[in-house]
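Dear colleague,

I am handing over the structure that we spoke about, and you will find it just below. My notes on what was found in it follow, arranged by region so that you can read them with the model open.

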Amino acid sequence: TVSVVLYTADLRVHDHPPLRAALEGAQEVVPLFVRDPAVDRAGFAAPNRLAFLADCLADLDRGLADRGGRLVVREGDTVSEVRTLVRQTGADEVHMAAGVTAFAREREARLRKALEDDGCRLYVHDGVVTVVPPGDVLPHGSDHFAVFTPYYRRWTAEPLRTPLSAPASLRVPSDVRSERIRRRSAVADVSPGLAVGGESEGRRLLGSWLARHLDTYQERHDDLAGDVTSRLSPHLHFGAVSATEAVHRAGRRGGEGAEAFVRQLCWRDFHHQVLAARPEAAGADYRPRQDRWRRGADAEADLAAWREGRTGYPVVDAAMRQLAHEGWMHNRGRLITASFLVKTLYIDWREGARHFLSLLVDGDVANNQLNWQWVAGTGTDTRPQRVLNPVRQAKRYDPDGSYVRRWVPELADLDGPAVHEPWRLTGLDRASVDYPDPLVELPEALERFRQARSAA
Ligand code: FAD
């Protein structure tokens, strides 16, 4: 007998329940990835993610080859390609991970229907993409948790699945055609400092980061210049690292750092369960407000300055330039830049979310859209009126200014925290620094936001 394993956001051989189940039921297994143009059309594709995906697929192929198998890649509509493969191989089972987005669930439903017509069974496995499947823990009287803390309490009380080892060996039918796996170098417009993808790299990073930085994560996760968060987000986004395994391995080491890190992984599940219950929150306000966001030429010019990292607020510009250079930004930078766009410039969160998604290597519908909504106060933040002051944030989380000097070379000669307020320079000192004045004064912007919000 033959089973197909359809890979989507779970590009790994370790801790892979669909692969394990397929191997238990069949003599031969076809691990399949479909490059589906509908994914690109839905706006999920961006050069940085395509390049990282290319690494992941090449590494998955190697991981399978080390065990006697290989990855089969096809290009086209996922449902048609799976169907064709099932007919070609005589497979009687297809295994895949449960999806969370509306796109993934619609694809799953179409696949189920098509395979039923062909007499093939589809097994959809929960707990592959997230630790706790969306909908598994629920508050009284609702189909999802809208507030993080009670969700976290219930989430931590759930039993944790023991991570599965990678299979020792597998057999793939020899006569199955596969497209060539595209290389990362074939993707244009990739950020120069983009990280390397793939399960091997993800597992190496997980192991080394846990050993070196987990214990101090609680104190240091907001240190912009220190840059000691795990950077596992793209590996988790593509499923090259299992979130369940990350929780398990961190939990085994224990301590305050582990607790704080696992809590962040819970945020990932939290946003996924919100999106699963409210798919429209990918584009519409989760808590509808009547914001009359700024539009027109002035707002367009401010948006362009924000995107390009020339707002005149050094920490904002540093973080936006990090995003362009690496396709990744530190979480504290994401909070500061998003708050700046939405609350200081009073520009629609969707503009910011779109720009982030065009660059972020971990760009993820659940995490990106719902974190943007959280910052915009249209989402699950219980204090929707809070506004982050970029200067105070900079002094607190980049106290000696190293992060700003790293990313804004025009300011590299300014010492210490003075780098956060270049407008305080006078005379020749100011004239010698080729850096823009602030787009807007903070008290004025705060007043504009408060007035607009009280009307909204
Ligand atoms: P660590 O601090 O090491 O945390 C470990 C893991 O926990 C992360 O890899 C991530 O999977 C998860 N995590 C941490 N914080 C959050 C959070 N607030 N929400 C959800 N999961 C979290 N994360 C994405 O993965 N994709 C996105 O598209 C994304 N967009 C964001 C947009 C905005 C405006 C904001 C404020 C945050 C966004 N985040 C997003 C969340 C967070 O910033 C990143 O997950 C984190 O910076 C990744 O770095 P890390 O792996 O070193 O994180």
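**The ligand and its surroundings**

By class, the residues that make up the shell around the ligand are ten nonpolar, twelve polar and five charged. Please keep in mind throughout that this is a predicted model. In total 27 residues surround the ligand, and the closest of them are Thr 229, Ser 230, Asn 331, Asn 368 and Asn 371. Two or more residues of the shell come from each of helix H9 (233-237), helix H11 (256-277), helix H14 (331-344) and helix H16 (365-376). Seen at the level of domains, the shell takes at least three residues from domain 2 (130-161 + 199-277) and at least three from domain 3 (297-455).

**The annotated binding site**

The UniProt record, an unreviewed entry, carries a "binding site" annotation that covers Tyr 217, Thr 229, Ser 230, Arg 231, Leu 232, Ser 233, Phe 261, Asp 362, Gly 363 and Asp 364. These positions are spread over 148 residues of sequence, and they are spread in space as well, with up to 23.3 Å between C-alpha atoms. Thr 229 and Ser 230, which the annotation covers, are also among the residues closest to the ligand.

Two of the annotated positions can be looked at individually. Arg 231 sits in the loop between helix H8 (217-220) and H9, and, leaving aside residues up to four places away in sequence, Arg 231 touches Ala 195, Leu 205 and Trp 328. Is Arg 231 buried, exposed or partly exposed? Arg 231 counts as partly exposed because it has 16 C-beta neighbours inside 10 Å.

Asp 362, for its part, is found in the loop between helix H15 (349-359) and H16. Asp 362 is buried, because 22 other C-beta atoms lie within 10 Å, where 20 or more are needed for a residue to be called buried. Its contacts, again not counting residues up to four places away in sequence, are Ser 233, Pro 234, His 237 and Trp 328. Trp 328 is thus touched by Arg 231 and also by Asp 362.

**The domains**

The protein is divided into domain 1 (2-126), domain 2 (130-161 + 199-277) and domain 3 (297-455). Between the C-alpha centres of domain 1 and domain 2 there is a distance of 25 Å, and the contact between these two domains takes 17 residues from domain 1 and 14 residues from domain 2. On the side of domain 1 that touches domain 2, the classes are nine nonpolar, three polar and five charged residues.

**The N-terminal region**

The same unreviewed UniProt entry labels residues 1-130 as "domain: Photolyase/cryptochrome alpha/beta". Over residues 1-130 the chain is 47% helix and 22% strand, and the C-alpha atoms at its two ends are 30 Å apart.

Strand E1 (residues 2-7) is largely enclosed by the rest of the structure, because six of its six residues are buried. Val 2, Val 4 and Leu 6 lie on one side of E1 and Ser 3, Val 5 and Tyr 7 on the other, so that both faces are covered. E1 pairs with strand E2 (residues 28-35) in the parallel sense over six bridges, and here Tyr 7 stands opposite Phe 33 in E2. E1 also pairs with E4, in the parallel sense and over four bridges, with Ser 3 standing opposite Glu 93 in E4.

Strand E4 (residues 93-97) is likewise largely enclosed by the rest of the structure, because five of its five residues are buried. Glu 93, His 95 and Ala 97 point one way from E4, whereas Val 94 and Met 96 point the other way. E4 is further joined by five bridges to strand E5 (residues 121-125), and the two run parallel; in this pairing His 95 stands opposite Tyr 123 in E5.

Helix H4 (residues 78-89) holds Leu 85, which is buried, with 21 other C-beta atoms within 10 Å. Not counting residues up to four places away in sequence, Leu 85 touches Val 4, Val 30 and Leu 32. Leu 85 and Glu 410, by contrast, are 325 residues apart in sequence and 56 Å apart in space, C-alpha to C-alpha.

With best regards

Methods: Residues numbered from 1 in each chain as written. Predicted model: local features only at pLDDT ≥ 70, side-chain atom pairs only at ≥ 80, totals over all residues. Near = placed C-beta within 6 Å. Nonpolar A, V, L, I, M, F, W, Y, C, P; charged D, E, K, R; others polar. Domains from an automatic or database assignment. Contact = placed C-beta atoms within 7 Å. UniProt positions renumbered as here; feature names shortened; annotations may be inferred. Buried ≥ 20, exposed ≤ 12 C-beta atoms within 10 Å, placed from the backbone. Pairing = 2+ DSSP bridges.
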